[in-house]
Amino acid sequence: MKPLVSSLRKSKTEGRRLATLTAYDYPSARLLDDCDLDFLLVGDSLGMVVLGHPDTTHVTMADMIHHTKAVAHGAAKTPVVSDMPSGSCASPELALDNARQLHEAGAAAVKIEGGRDL
């Protein structure tokens, strides 16, 4: 498996765009693992695409952990990046704990969205 951080740094330095696709399950990850992608994303969009929710705010950490494990099992060569779901970063402590859980589930990195209004 490619080391993700060094690969991302090299891509940025070279001005190379990243190639990534979203996977939510083991069979998709297996198929995409041979595509020479920079990483596979386990997106919180699984709420709508897989779980039938109206939006991403219904996705739980348990959902993300479950799908991250499945994708990580199928991705032997491609690093996995997982979304932090809504509410999972309410405090720095909670964010670190949740990021650790996703890492233990097989994520090489996590993606955090949001911020504050200025």
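In this predicted model, the side chains of K77 and D34 meet in a salt bridge, with nitrogen and oxygen 2.4 Å apart. The pair links distant parts of the chain, since K77 belongs to the loop between α4 and β3 (80-83) while D34 belongs to the loop between α2 and β2, 43 residues away. The two partners can also be described by their accessibility. K77 is partly exposed, with a relative accessible area of 42%, whereas D34 counts as exposed at 58%.

The residue preceding this aspartate in the numbering, D33, presents another situation. D33 is found in the loop between α2 (26-32) and β2 (39-42), and it is buried yet has no salt bridge. The nearest side chain of opposite charge is that of K77, at 4.9 Å. A salt bridge requires a side-chain nitrogen of Lys or Arg within 4 Å of a carboxyl oxygen of Asp or Glu, and therefore a separation of 4.9 Å does not qualify. D33 nevertheless approaches K77 through the backbone: a polar atom of the D33 side chain lies 3.0 Å from the backbone nitrogen of K77. Leaving aside residues up to four places away in sequence, D33 touches G74, A75, A76, K77 and T78. K77 thus appears both as the salt-bridge partner of D34 and as a residue in contact with D33.

Other charged pairs can be followed in the model, where the count of salt bridges comes to seven. Side chains of opposite charge can pair when their charged atoms come close. One example joins E14 and K10, whose closest N and O atoms are 3.9 Å apart. Because they are four residues apart in helix α1 (residues 4-14), E14 and K10 are separated by about one helical turn. K10 is exposed, with a relative accessible area of 53%. Another salt bridge forms between E113 and K111, at 2.6 Å from N to O. Through shared partners, salt bridges join D83, K111 and E113 into one network. Within this network, E113 counts as exposed at 53% relative accessibility, and K111 as partly exposed at 30%.

From these charged residues the description turns to the nonpolar interior. In soluble globular proteins, nonpolar side chains tend to be buried together. Here the largest nonpolar core has 21 residues, and those with the most contacts inside it are L40, V42, M64, V71 and L102. The elements that give two or more residues to this core are α2, β2, α4 (61-74) and α5 (92-105). M64 illustrates the surroundings of one of these core residues. Not counting residues up to four places away in sequence, M64 touches V42, G43, D44, L46, V59, S82, D83, P85 and L102. Among these neighbours, V42 and L102 are themselves listed with the most contacts inside the core, while D83 also takes part in the salt-bridge network with K111 and E113.

The overall fold may now be considered. The protein chain has five helices and four strands, which run α-β-α-β-α-α-β-α-β from the N terminus on. Its radius of gyration is 14 Å, close to the 13 Å that the globule rule gives for 118 residues, so the chain is as compact as a globular protein of that length. The C-alpha trace spans about 35 × 35 × 25 Å along its principal axes. Buried residues make up 36% of the 118 residues. Of the contacts between residues at least 6 apart in sequence, 60% join residues at least 24 apart.

Definitions and conventions
Residues are numbered from 1 along each chain as its sequence is written. This is a predicted model: local features need pLDDT of at least 70, side-chain atom pairs count only at pLDDT 80 or more; totals for chains, interfaces and linings use all residues. Side-chain values use heavy atoms; hydrogens and water are left out. Buried means under 20% relative accessible area, exposed over 50%, partly exposed in between (1.4 Å probe, protein chains only). Lys and Arg count as positive and Asp and Glu as negative; His and the chain ends are not counted. A polar contact is a pair of N or O atoms within 3.5 Å; within protein, one must be able to donate a hydrogen and the other to accept it, and residues adjacent in sequence count only if both atoms are side-chain atoms. Contact means heavy atoms within 4.5 Å. A nonpolar core is a set of buried Ala, Val, Leu, Ile, Met, Phe, Trp, Tyr and Cys residues joined through side-chain atoms within 4.5 Å. The radius of gyration is taken over C-alpha atoms; the globule rule is 2.2 Å times the number of residues to the power 0.38.
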